[in-house]
Amino acid sequence: MKLTDLQKEASAEWEEKGYELPAYDREAVKQNTKDAPTWIHFGAGNIFRAFPAEILQRLLNKGAYDKGVIVAESFDHEIISKAYKPYDSMSLSVVLKANGTIEKKVVGSVVEALVADQAEPQDFSRILQIFESPSLQMASFTITEKGYSIYDGKGNILPAVEAGFKEHPDKQGHLMGRVAAFCYRRFQTCGAPIALSSMDNCSHNGDKLKAGVMAFVEAWVKNGIVEKEFEAYMKDGARVSFPWSMIDKITPRPDENVKEMLSRDGFEDTELIITNRGTYTSPFVNSEETGYLVIEDAFPNGRPPFEKAGILFTDRETVDKVEKMKVCTCLNPLHTALAIYGCLLSHTSIHGEMEDSELSDLIERMCYEEGMPVVVNPGIIDPKDFANAVLKLRLPNPFMPDTPQRIVTDTSQKLPIRFGETIKAYLADDRLNVGTLTFIPLVLAGWCRYLMGINDEGDAFEQSSDPRLDEVKQYVAEVALGEPADVHQALEPILSDQTIFAVNLYEAGLAEKVEGMFAELIAGKGAVRATLKKYLNHS
């Protein structure tokens, strides 16, 4: 059983073993897309295949749509060459349910896979051609928050961006510059409207995408590289929109246990691929059953009927409420807390942490006692129902092979939204007292302890990648477990940094509490566990 066999003829064995196959003429869908493309997506990672591509698959299976999606990758070209092209862009979606059952779906909605880089001129030319098509309705993105940034961790403009501001649109090294260049080609040729839709898991993602793209547009106009009319086109919301969205679906890296299960079925396309850039991918993708995608309905050239497959469309204000509910309280902060303390306590699975009474109690109390008071009910999703599902079904799911080591990646980039926004909300509300916060400061102190790279048993562990890791861990480099330390001197550069926490924690009145908790966490072996027990009142 191989994905490429399905191009010829599907044997009865697939369905006998519980594999759902595409219920449409894929060759016809390919041709329809080639003739009049409507959707291109940037970011060929696992979340795209497990969620947006699978949503389109549902539409195609229902006969509610007749075009596929084209995927483009700019960061890691090997994803295209190793996980897409050998399989005609098809993949296997494995949904791991909390009750122990699984769903196996062959996803064929991706009909073309391209490298969005001038290093692959044929692919790059094809993307330009797609943007020239008046039929193109949307370009979406799952490129992680770093993909939009034109600055480094210290606020300095990236060299590739600075160079791109002075170069013609055809010579761009940063994806935001390339996207601006694709839009310029569209402006020059058909001038049709388009939505540039971020589907990344970050706050106000549409604004982050807009800021990155428009920085190039404005620089090109200022430097006389492009005409002012192009800037007017990009700023006209009736022609180019940047809708906000909230996405939520846990998609761990392809798992060895899932691979073995598929192999027992006779499914052969199970290679676990690690690219030279450290991306974990495979012809299959595993994910949880639950998924939410809420999008601001701002598509000036129309859009596929995604609402027929479960996407919620609403206004910007509601998206903002849903996003804050999830990112600041009901899921993302809980994930980060588990990631930090999971590494310190040597856990290797998220579901295993949920069996740890200290860690499960920590995130539950942080969510309900400290987060919920500042959550605004968005109406379309109830915050308590959402949180209950996270805490009782999603995180404890023993079949989800997610790890704290994966979740802790890029924590410095996540802290401002996942915790800083809640702290700011407390400071802005006269009815709330920021000094009553206990569990959020405990997580922040835990992150500072994580920077030492030493677990609760005193053993060194490998820290996950983070663009600011080398910078911030130097401040605790002289702190030793079980030895006296000037905690204030060590932590002051970290806790006062608004780019890390969205606030200066000293000005917010929380830094001294974090310092005190950190001092307890470094008291010696077992101090992490002891500190958690103390603040949770566990005997």
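Modeller: Two strands count as paired if DSSP finds at least two bridges between them. The model discussed here is predicted.

Biologist: How many helices and strands does the chain have?
Modeller: The C-alpha atoms of the chain fill a box of roughly 70 × 60 × 45 Å, taken along the principal axes. Within this chain, the count is 25 helices and 15 strands.

Biologist: Why is the chain said to be as compact as a globular protein of that length?
Modeller: The chain has 25 helices and 15 strands. For 539 residues the globule rule gives 24 Å, and the chain counts as this compact because its radius of gyration is close to that value, at 24 Å.

Biologist: What is the order of the strands in the open sheet of 4 strands?
Modeller: The pairing in this open sheet is mixed. E1 and E13 (284-288) are its edge strands, each pairing on one side only. Read across the sheet, the order is E1-E5-E4-E13.

Biologist: In which sense do strands E1 and E5 pair?
Modeller: Strand E1 covers residues 19-20 and strand E5 covers residues 102-107. Tyr-19 has Lys-104 of E5 as its bridge partner. There are 2 bridges between the two strands, and the sense is parallel.

Biologist: Do E4 and E5 run parallel or antiparallel?
Modeller: Strand E4 spans residues 91-96 and is joined to E5 by 6 bridges. Ser-91 is bridged to Val-107 in E5, and Val-94 is bridged to Lys-104 in E5. As one numbering rises along E4, the other falls along E5. The two strands run antiparallel.

Biologist: Which residue in the hairpin of E4 and E5 takes a positive phi?
Modeller: The hairpin has 5 residues between the strands. A positive phi near 95 degrees is found there at Gly-100.

Biologist: At what angle to E5 does helix H4 run?
Modeller: Helix H4, residues 52-62, lies across E1, E4 and E5. These strands belong to the open sheet with the order E1-E5-E4-E13. The angle between H4 and E5 is about 80 degrees.

Biologist: Which strands stand at the edges of the sheet E10-E14-E15?
Modeller: This open sheet has 3 strands and mixed pairing. The twist averages 15 degrees from one strand to the next. An edge strand here has a single partner strand, so one side of it is left without a neighbour in the sheet; the two in question are E10 (245-248) and E15 (312-314).

Biologist: What is the bridge partner of Ile-295 in E15?
Modeller: Strand E14, residues 292-296, runs parallel to E15 and is joined to it by 3 bridges. For Ile-295, the partner in E15 is Phe-313.

Biologist: Which helix packs on the sheet, touching E10, E14 and E15?
Modeller: The direction of this helix makes about 35 degrees with that of E10. The helix is made of residues 316-330 and is named H12.

Biologist: Are H13 and H15 roughly parallel or roughly antiparallel to each other?
Modeller: The axes of H13 (residues 332-344) and H15 (residues 357-371) come within 10 Å and cross at roughly 150 degrees. Angles over 145 count as roughly antiparallel. H13 and H15 are therefore roughly antiparallel.

Biologist: How do the residues of the contact of H13 with H15 divide into nonpolar, polar and charged?
Modeller: H13 contributes Pro-333, Leu-334, Ala-337, Leu-338 and Tyr-341, while H15 contributes Leu-359, Leu-362, Ile-363, Met-366 and Cys-367. The division is 10 nonpolar, no polar and no charged.

Biologist: How many charged residues has the contact of H15 with H19?
Modeller: The axes of H15 and H19 come within 9 Å and cross at roughly 135 degrees, and the two helices are therefore oblique to each other. Leu-362, Arg-365, Met-366, Glu-369 and Glu-370 of H15 meet Phe-439, Ile-440, Leu-442 and Val-443 of H19. By class there are 6 nonpolar and no polar residues, and the number of charged ones is 3.

Biologist: Is the crossing in which H19 passes H24 left-handed or right-handed?
Modeller: The axes of H19 (residues 439-450) and H24 (residues 511-521) come within 8 Å and cross at roughly 55 degrees. That angle makes H19 oblique to H24. Residues in this contact include Leu-442 and Cys-448 of H19, and Met-517 and Phe-518 of H24. The crossing is right-handed.

Terms used
Residues numbered from 1 in each chain as written. Predicted model: local features only at pLDDT ≥ 70, side-chain atom pairs only at ≥ 80, totals over all residues. Heavy atoms only, no water. Axes fitted to C-alpha atoms, helices over the stretch in contact; angles between N-to-C directions. Parallel < 35°, antiparallel > 145°, perpendicular 65-115°, else oblique. Left-handed = near helix turned anticlockwise from the far one by under 90°. Contact = heavy atoms within 4.5 Å. Rg over C-alpha atoms; globule rule 2.2 N^0.38 Å. Nonpolar A, V, L, I, M, F, W, Y, C, P; charged D, E, K, R; others polar.
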